[in-house]
Every structure is written in C-alpha cells, then in structure tokens.
Amino acid sequence: MRIDLLTKEYPPEIYGGAGVHVAELVRALRVNTEVQVRCFGAPRDEADVTAYAVPAELVQANSVLSTLGVDLQMAQDTAGATLVHSHTWYANEAGRLSQQLHGIPHVVTAHSLEPLRPWKAEQLGGGYRISSEIEKNAFESADAVIAVSAGMRADILRSYPDIDPSRVHVVHNGIDCDAWKPTHDATVLDRWGIDASRPAVVFVGRITRQKGLPYLLQAVATLPTNVQIILCAGAPDTPEIMLEVQTAVAALQQDREGVIWIEEHLPKHDLCAVLTASTVFVCPSVYEPLGIVNLEAMACGLPVVGTATGGIPEVVDDGTTGWLVPINQVQDGTGTPVDPAKFVGDLSSTLLHALSDETRAATMGQAARQRAITHFSWESIAAATLAVYDSVTI
C-alpha cells in the first residue's frame with residue numbers, strides 16, 4: 001500500500017494544528033506503511049517528501065487560484081498511489097482530481113469547515129466562495145471523511161447533508177507526550193520576561209476570529225494584577241484583526257504589568273518551557289474542531305480552561321483536567337456568542353476560579369497529562385486511520 005498524503009503544511013513550514021497533525025500522523029504511519037508526502041512550499045530534504053511551488057503565472061493571483069496551481073501539480077504526480085489522503089481545503093482539490101484522474105480512493109480529514117468560518121472572506125475575498133466549493137465537492141465525493149472529533153462529525157453532516165453518515169469516521173488528533181512534556185528552562189523565561197513565581201494564564205494560537213482572542217483580552221482585564229498574561233499569538237488572518245488585537249493588548253499593558261505578547265513561532269522546547277511555567281492554559285475559541293494546542297498544554301502538565309464548543313469537551317474532562325466555559329452561539333456559522341458580555345464574564349470567572357487554588361490547578365495539570373498519554377497517542381490514531389484506509393481499499 002502506498003499512501004500519498006496531500007497537505008499545504010509540512011515541516012518546517014507549519015503554522016497551525018493541521019500541520020502538526022500531518023507531521024505526527026506521517027511519522028506514526030511510516031512505521032509499517034509507505035507514505036509519500038506532497039506539500040506546498042520550498043523543497044524539503046526529507047525522503048519521500050515532494051514540495052510544490054506556486055506556478056510563476058499565479059504568484060500574484062488570488063491565493064485560492066495559487067492554491068489550485070499547486071493542486072494540479074500534485075494530482076499529476078499521485079499516479080501509482082493506492083490511496084490519496086488530503087488535509088484542509090488547500091489540498092482537497094488535489095485529492096479529488098487524483099481520485100478522478102487515476103481511479104484511486106480519496107480520504108479527507110476535516111480539520112475545519114469553510115461554512116463555519118465565514119470570516120475567511122475577510123482574508124480570501126471572492127476566493128472564499130471558491131474554497132467553499134472546493135471543500136464541498138471534495139467532501140461529498142470522498143470515499144471516506146475523517147472528523148477529528150464527534151463534534152466535528154456533527155458539523156460535517158449538518159453542513160453537507162448529502163454525505164452518507166456511514167462514510168464519516170471519528171479519529172481524534174493526537175499528541176506525542178515524549179516530545180511535549182514539563183520542561184524547566186529559566187533561560188527561555190528570562191528571554192521573554194516571564195516570572196515563574198507568579199501565576200500565569202497562557203494562550204497559544206493564531207490571530208484569527210475562531211480563536212476568540214478579543215474575548216480573552218476583555219476577560220483577563222478583570223483578573224488580579226499579580227496574574228501574568230502570556231499570549232503566544234501570531235500569523236494574523238488580516239491586517240484588521242491584527243490591529244484589533246494590537247489595540248486591545250496595548251490597552252491591557254497600560255493598565256497592568258506582566259502582559260507578555262510573543263508573536264514569533266516558538267520552537268517546541270521553548271513553548272514547553274513557557275507552558276510549564278504557567279498556571280493554566282486558556283482556549284477561548286468560538287470554533288474548534290478539537291484543538292491540538294489543548295493537548296500540547298495538557299501534555300506539559302497544565303489544566304485547560306476551554307470553551308464548551310466543537311471538540312473541546314472531548315479533550316477537557318470538566319472538573320478533572322480543566323474547566324469548560326459555557327457558550328450560547330449564534331447559528332449563522334460565525335460561532336459568535338449570542339451574549340458576548342456573558343461569555344466574557346463566564347470566561348473571566350472560570351479563569352479566576354482556576355487561579356484561586358494553585359495546588360488544585362497543579363493536581364489537575366497532572367491529571368491532564370495522564371489523560372493525554374492514555375487517550376491521545378499517535379500510535380492509536382495511526383491504527384484508526386489505517387482502518388479507514390482499509391475500509392475503502394478492500
């Protein structure tokens with residue numbers, strides 16, 4: 001069996017959870033399966049990895065057209081594969097075309113859904129209509145669709161009711177708990193001005209509407225001033241949301257000390273050190289199919305305060321490994337809270353509760369790491385993925 005795995009992100013060019021998922025899945029699958037990776041970007045040194053550049057004629061085009069230029073090259077090269085497995089809409093068209101061109105099964109993993117991310121129109125313009133059509137066609141024609149959570153599976157079937165439910169399988173994201181673990185490094189903390197003796201709330205994520213960062217910045221303003229606020233946040237979707245976050249962070253920094261904004265993408269070791277030095281991890285997302293960042297924090301021994309939406313309740317054991325923040329959301333695909341002030345208030349009070357007893361938080365962090373080890377190993381996720389492959393190739 002030769003699997004051609006199609007993805008935009010692959011090391012070292014990773015900026016989100018989908019890229020982390022792909023890298024770890026490939027490593028686990030290759031233990032006993034041939035995997036050819038086809039990705040976007042600069043050439044890679046790794047064996048059995050082919051990277052594709054945007055055709056010169058499309059470099060200045062709308063990014064969706066540039067994506068299609070890469071997808072066409074990928075589809076041409078998948079001849080001879082037993083199966084193609086595409087990740088995110090960026091590679092979905094390459095998978096669908098491979099399926100049609102070469103007569104091979106196409107498996108899709110859903111890391112997010114375009115209908116539930118309407119704010120992407122801010123980034124893609126008219127290209128958002130095309131990316132949505134690409135995803136719809138790929139999902140509806142795929143031999144199997146993998147959802148990274150049961151919540152995501154429900155979203156898929158609601159967004160694309162023509163898909164046969166029997167073709168949609170749940171295989172969670174995973175975490176390498178040997179790589180993500182409690183890490184003590186004072187040099188890293190000194191570099192960023194983090195005081196390990198003070199309580200800290202830490203956020204890790206891209207600056208995009210779905211991550212709920214503006215709500216978090218309102219919520220933490222109410223926390224005691226001795227609490228550090230650590231924001232590992234970069235890669236903004238648009239200049240507009242970047243300006244919104246910059247303005248909110250600047251206002252927060254005027255009112256309190258210990259507001260630390262790390263915009264650069266931290267190496268794994270450094271991020272583990274930052275997480276380990278914190279008291280609680282916060283995931284204020286209004287849309288989150290699962291949230292690998294939650295698993296990373298748990299593996300480093302942190303309890304998680306997360307929004308009770310999407311796949312987060314499947315990761316965070318409320319009251320044992322963290323706390324879930326209730327949210328009542330507008331049903332227009334944006335995930336916007338019906339009552340934003342109430343959501344901000346609930347987020348603030350939950351964080352205050354989490355920070356009120358650091359010994360309890362540490363005990364819950366230990367339980368969080370154990371849950372990550374027990375339930376989210378990449379070996380079990382690779383086995384479940386192979387079972388999906390077998391279901392469409394036998």
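Helix α5 has the length it ought to have: at 1.5 Å a residue, its 15 residues should span 21 Å, and the end C-alpha atoms do sit 21 Å apart. The expected span here is 1.5 Å times one less than the number of residues, and helices (H or I, at least four residues) and strands (E, at least two) are DSSP runs numbered from the N terminus. All this comes from a predicted model, where local features need pLDDT of at least 70 and side-chain atom pairs count only at pLDDT 80 or more, while totals for chains, interfaces and linings use all residues. Residues are numbered from 1 along each chain as its sequence is written, and side-chain values use heavy atoms, with hydrogens and water left out.

On α5, the buried residues (under 20% relative accessible area, with exposed over 50% and partly exposed in between; 1.4 Å probe, protein chains only) are G127, Y128, S131, S132, I134, E135, A138 and F139. Looking down the axis of α5, these buried residues fall within an arc of 160 degrees, so they line one face of the helix; the arc is taken from the directions from the helix axis to the C-beta atoms. Their packing partners are α2 (63-77), α3 (89-102), β5 (106-110), α4 (120-124), β6 (144-147) and α6, with contact meaning heavy atoms within 4.5 Å.

One α5 residue also shows up in the contacts of S112, which is placed in the loop between β5 and α4. S112 counts as buried at 15% relative accessibility. Setting aside neighbours within four places in sequence, S112 touches R117, E135, M152, Y287 and P289.

Then there are the aromatics. Rings of Phe, Tyr and Trp (its six-membered ring) pair if their centres lie within 6.5 Å, with planes under 30 degrees apart called stacked, over 60 edge-to-face and the rest tilted; the count comes to 3 pairs. W89 and Y90 make a stacked one, at 4.2 Å centre to centre and 25 degrees between the planes. W89 is buried at 3% relative accessible area, and Y90 is buried at 10%. The rings of F139 and Y160 have centres 5.6 Å apart and planes at 55 degrees, so that pair is tilted. F139 lies in α5 (residues 127-141) and Y160 in the loop between α6 (150-159) and β7 (168-170), so the pair ties together parts 21 residues apart in sequence. Both F139 and Y160 are buried.

Y90 has another partner: the charged end of K8 sits over its ring, 4.1 Å from the centre. That label needs NZ of Lys or CZ of Arg within 6 Å of the ring centre and within 35 degrees of the ring normal.
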